[in-house]
Amino acid sequence: MTPPPYLYHALLRPSILQILRAAGYHGARTSVLDSVTDMAARYLDALCRLTAAFAANNNEESETGELVPTIVDVRMALQQIGALLPEKSELEQLYNGVEDTRGVDAFVAWAAGPVNKEIKRIALDSSDEATDYLNALKLKHSKNDDDSRYTGSLLGKCIEHGNVEVEGGKYHSISVWEEKMKEAARRPTPQPQPQENEPEGINGDREDSRPPSSGLSSIGDQSIADPMDLE
């Protein structure tokens with residue numbers, strides 16, 4: 001079952017609160033917070049869609065049939081969405097023969113600078129073990145390191161049910177039934193053999209093999225606009 005959109009909104013909301021707090025804001029209206037969270041969600045969604053599009057155009061599928069984005073795909077998406085500014089136009093860069101990396105340098109400086117470190121400090125609540133705010137929250141409210149209470153939920157690991165046994169049927173599991181159906185689909189369909197005493201047509205064909213004639217094929221040269229005798 002797909003989680004509803006408001007669940008993702010609720011999960012993104014604490015991150016926006018931490019960013020605002022790191023920027024110096026200590027209070028905001030609920031409507032303002034929801035609007036900023038919605039804009040951040042739309043921005044991240046557009047960034048992910050562009051990254052996936054560039055990955056589909058630039059890369060080949062892996063052995064598992066999945067597309068794995070590279071750092072080049074992420075950079076192209078950031079550049080397309082306007083996160084790597086300022087930057088000269090591509091034509092001007094080709095004319096000068098020098099690549100403009102001011103936007104990339106500014107982004108790297110922000111990621112490794114004091115602003116991002118302050119966001120990380122507030123998000124992790126000064127915890128050295130956690131890697132994100134959800135892990136920090138779970139460690140804060142758990143008396144031990146066991147996170148089994150979150151198993152089967154969105155915040156924990158999935159429950160492994162194993163194979164489902166089917167009782168009373170021809171096949172003992174769904175996987176075996178699926179394999180049998182695939183084998184039946186790959187097996188060629190046998191052609192029906194004509195019977196020995198079956199009468200033949202004029203040209204030596206069987207009478208069953210003749211295509212059924214419609215009412216229009218028997219009118220001959222008669223015009224379709226002329227009245228037809230339906231009695």
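Biologist: Is tyrosine 150 buried or exposed?

Modeller: Keep in mind that this is a predicted model. To call a residue buried, we ask for under 20% relative accessible area. Tyrosine 150 has a relative accessible area of 15%, so it counts as buried.

Biologist: Where does tyrosine 150 sit?

Modeller: Tyrosine 150 belongs to the loop between α7 and α8, the latter being residues 174–186. Look also at lysine 138, 12 residues away along the chain: the two C-alpha atoms are 9.2 Å apart.

Biologist: And which residues of α7 are buried?

Modeller: Lysine 138 again, along with Tyr133 and Ala136. The buried residues of α7 pack against α1 and α6.

Biologist: Let's turn to α6, then. Which of its residues are buried, and what do they pack against?

Modeller: Ile119, Ile122, Ala123 and Leu124 are the buried ones. They pack against α1 and α7, where α7 covers residues 133–141. Here's a general idea for reading such a list: an α-helix has 3.6 residues a turn, so residues three or four places apart point the same way. Try that on Ile119, Ile122 and Ala123, which are among the buried residues of α6.

Biologist: What happens just after α6?

Modeller: Check the backbone there: aspartate 125 takes a positive phi, about 55 degrees.

Biologist: How do I read the packing of α1 with α6?

Modeller: Start with the angle and the axis distance. For α1 (residues 5–22) and α6 (residues 114–124), the angle is about 130 degrees and the axes are 9 Å apart. An angle between 115 and 145 degrees falls outside the perpendicular and antiparallel ranges, and α1 and α6 are therefore oblique to each other. The crossing of α1 past α6 is right-handed. On the α1 side, the contact uses Gln18, Ile19, Arg21 and Ala22, while α6 brings Glu118, Ile119, Ile122 and Ala123. By class, that contact has 5 nonpolar, 1 polar and 2 charged residues.

Biologist: What angle do α1 and α2 make?

Modeller: About 105 degrees, with the axes 9 Å apart. The range for roughly perpendicular is 65 to 115 degrees, and α1 and α2 are therefore described that way. The α1 residues in the contact are His9, Leu12, Arg13, Ile16, Leu17 and Leu20, and those of α2 include Leu33, Val36, Thr37, Ala40 and Leu44. Sorted by class, the contact of α1 with α2 has 9 nonpolar, 3 polar and 3 charged residues.

Biologist: Which residues make up the largest nonpolar core?

Modeller: For a core, look for buried nonpolar residues joined through side-chain atoms within 4.5 Å. The largest one here has 5 residues: Leu47, Phe54, Ala77, Leu78 and Leu84. Two elements, α2 and α3 (71–81), give two or more residues to this core. Take leucine 47: beyond its neighbours within four places in sequence, it contacts Ala77, Leu78 and Ile81.

Biologist: Is threonine 51 buried or exposed, then?

Modeller: Buried, because its relative accessible area is 11%. Threonine 51 lies in helix α2, which spans residues 30–58. If you skip residues up to four places away in sequence, it touches Pro69, Asp73, Val74 and Ala77. Ala77 is also in the list for leucine 47.

Biologist: One last backbone point: what kind of peptide bond joins leucine 85 and proline 86?

Modeller: Omega is the angle to check. Here omega is about 5 degrees, and the bond is cis. Proline 86 is in the loop between α3 and α4, with α4 covering 90–96.

Definitions and conventions
Residues are numbered from 1 along each chain as its sequence is written. This is a predicted model: local features need pLDDT of at least 70, side-chain atom pairs count only at pLDDT 80 or more; totals for chains, interfaces and linings use all residues. Side-chain values use heavy atoms; hydrogens and water are left out. Helices (H or I, at least four residues) and strands (E, at least two) are DSSP runs, numbered from the N terminus. Buried means under 20% relative accessible area, exposed over 50%, partly exposed in between (1.4 Å probe, protein chains only). Contact means heavy atoms within 4.5 Å. Axes are lines fitted to C-alpha atoms, for helices over the stretch in contact, and angles run from 0 to 180 degrees between N-to-C directions. Angles under 35 degrees count as roughly parallel, over 145 as roughly antiparallel, 65 to 115 as roughly perpendicular and the rest as oblique. A crossing is left-handed if the near helix is turned anticlockwise from the far one by less than a right angle, and right-handed if clockwise. Ala, Val, Leu, Ile, Met, Phe, Trp, Tyr, Cys and Pro count as nonpolar, Asp, Glu, Lys and Arg as charged, and the others, Gly among them, as polar.
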